[in-house]
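Welcome, and thanks for joining this tour. Please open your viewer and keep the selection tool at hand.

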Amino acid sequence: MIIESHFKPAWWLTNRHLQTIWQKIERRKLPCPTTKERIELPDGDFLDLHWTQIPNKDDTRNIVLVLHGLEGSIKSTYARGMLNAIRAKGDIGVLLHFRSCGGIANRLARAYHSGETTDVAFVADWLQAQFPNCPLFAIGYSLGGNVLCKYAGEQLQHNPFKASVAICPPLNLSASCQYIMKGTSKIYQKYLLDMMMDNIARKMQRIDISKYLRIDAHSYRKIKTLWQFDDLITAPLHGFKGAEDYYQQSAGMQFLKQVERPLLVLQAKDDPFLSDKCIPTTSDLSHKVTVEVSRKGGHVGYVSGTKLFKGDYWMEKRALQFIHNHA
């Protein structure tokens, strides 16, 4: 089902770029106390979780797993805002740091990417085993939203999340990569690529990954686009033939038809990160998927409100409303 969103941007924040960057300005010092927990993985690597509160064994409150976007972390303002909103609702929030995120290099050559769902599956199973009385839900942002859509489609009726929300997911990865390389959107490519290059540099200092790459360690700084990075680094590190093979296998759009648990997808038509090909059609969806499309909103913005320079973060309210409707 595709519906028109009720979201209305703040009157002073209708520009798509301002919608996208505003919370980075307003919320740059937003406090969000969390408790960090590290869990070891069967392959010898690890994942870090950030809890609003670690539940006890007999807890029955909702646990909401939050998946960050590309190069995101507990420092991301949208992640801190959502965790605070989850806490205020009386639920328990837990942010998953994908491998190599949060400023800490992981142990193995592999890391994370837009279609990597095995770590989400591991964490979901781990949460079920550790806290069997807590209903599970999930919210994913951007890359994390694409991962969540893919995971939901793969799991079918075995999806442990009673309901999920994907916010601004790049459901067509190839088209979005091409889109962000053009026009004013190139400023976001530079921002993301700089973080990705720093991340891979940290990994290279820790382990030798040269045998996996199509570029030597001294030449990787010549990479100028996300497509080049994915073709020369992401793809070979994770077993893909190249960037286009990675995009085609990992794009969440093709998995929406298989989803068997309630899933809300929030997309904005003015998103400066994503191609309009990321907005599904009815034929792309199962009966369990609701795609809510707004005219405005930017990328992971959705800032409403009437007070000048005081944002009201609609996406947090909408996501938790959907989750509680299915709790």
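Here is a walk through a predicted model, one selection at a time.

**Stop 1: the largest pocket**

Begin by selecting G69, L70, E71, L143 and L192, the residues that lie nearest the centre of the largest pocket. This pocket has a volume of about 880 Å³, and its lining is made up of 46 residues. Which helix gives the largest share of that lining? Colour helix 6 to see: eight of the lining residues come from there. Helix 6 spans residues 186-206. Other helices that each supply at least two residues are helix 1, helix 2 (77-88), helix 5 (173-180), helix 7 (226-237) and helix 8 (243-250). If you colour the lining by class, you will find 26 nonpolar, 15 polar and five charged residues.

**Stop 2: the cavity**

Now for an enclosed space. How many cavities of 30 Å³ or more does the structure hold? There is one, and the largest cavity has a volume of about 60 Å³. To find it, select F46, L47, D48, H97, F98, R99, S100, C101, I104 and N106, which line the largest cavity. Strand 3, residues 46-51, gives the most to this lining, with three residues. By class, the lining has five nonpolar, three polar and two charged residues.

**Stop 3: salt bridges around strand 2**

Keep D48 selected from the cavity lining and add R38. The side chains of these two, R38 and D48, meet in a salt bridge, with 2.7 Å from N to O. R38 sits in strand 2 (residues 35-40) and D48 in strand 3, so the pair ties together parts that are 10 residues apart in sequence. Are the two partners buried or exposed? D48 counts as buried because its relative accessibility is 4%, below the cut-off of 20%. R38, at 37%, counts as partly exposed.

Stay with strand 2 and select E40 together with R107. Their side chains also meet in a salt bridge, at 2.7 Å from N to O. E40 lies in strand 2 and R107 in the loop between strand 5 and helix 3 (118-130), so this pair ties together parts that are 67 residues apart in sequence. E40 is partly exposed, with a relative accessible area of 46%, and R107 counts as partly exposed at 30%.

**Stop 4: a salt-bridge network**

Next, select E116 and R110, whose side chains meet in a salt bridge at 3.4 Å, N to O. E116 is buried, with a relative accessible area of 9%. Then widen the selection to D43, D45, R99, R110, E116 and D119: salt bridges that share partners join these residues into one network. R99 may look familiar, as it is one of the residues lining the largest cavity. In total, the count comes to 14 salt bridges.

**Stop 5: a buried glycine**

Select G93, which is found in strand 5 (residues 92-97). G93 is buried, with a relative accessible area of 0%. Add N62 and draw a distance between the two C-alpha atoms: G93 and N62 are 31 residues apart along the chain, and these atoms are separated by 8.4 Å.

**Stop 6: two backbone angles**

A little background helps here. Most residues other than glycine have a negative phi. Select C168, where phi is near 55°, a positive value. C168 is found in the loop between strand 7 (161-167) and helix 5, and counts as buried at 0% relative accessibility.

Then select V300, which has a positive phi of about 50° although it is not a glycine. Where is V300 found? Look in the loop between strand 9 (289-294) and strand 10 (303-304). V300 counts as buried too, at 5% relative accessibility.

**Last stop: a patch on the surface**

Finish on the outside by showing the surface and selecting W11, L308 and F309. Together they make a nonpolar surface patch of about 390 Å². W11 lies in the loop between strand 1 (2-4) and helix 1 (16-26). Is W11 buried or exposed? W11 is exposed because its relative accessible area is 57%, above the cut-off of 50%.

Notes:
Residues numbered from 1 in each chain as written. Predicted model: local features only at pLDDT ≥ 70, side-chain atom pairs only at ≥ 80, totals over all residues. Heavy atoms only, no water. Patch = residues over 30% accessible without salt bridge, like charges linked within 9 Å, V, L, I, M, F, W, Y side chains within 5 Å. Areas by Shrake-Rupley, 256 points an atom, 1.4 Å probe, with all protein chains shown as cover. Salt bridge = Lys/Arg side-chain N within 4 Å of Asp/Glu carboxyl O. Helix = DSSP H or I, 4+ residues; strand = E, 2+ residues; numbered from the N terminus. Buried < 20%, exposed > 50% of the residue type's maximum accessible area, 1.4 Å probe, protein only. 1 Å grid on protein atoms, 1.4 Å probe; cavity = no way out; pocket = protein on both sides within 12 Å on 5 of 7 lines; lining within 4 Å. Points joined across faces, edges and corners; volume = space filled by probe spheres on them. Nonpolar A, V, L, I, M, F, W, Y, C, P; charged D, E, K, R; others polar.
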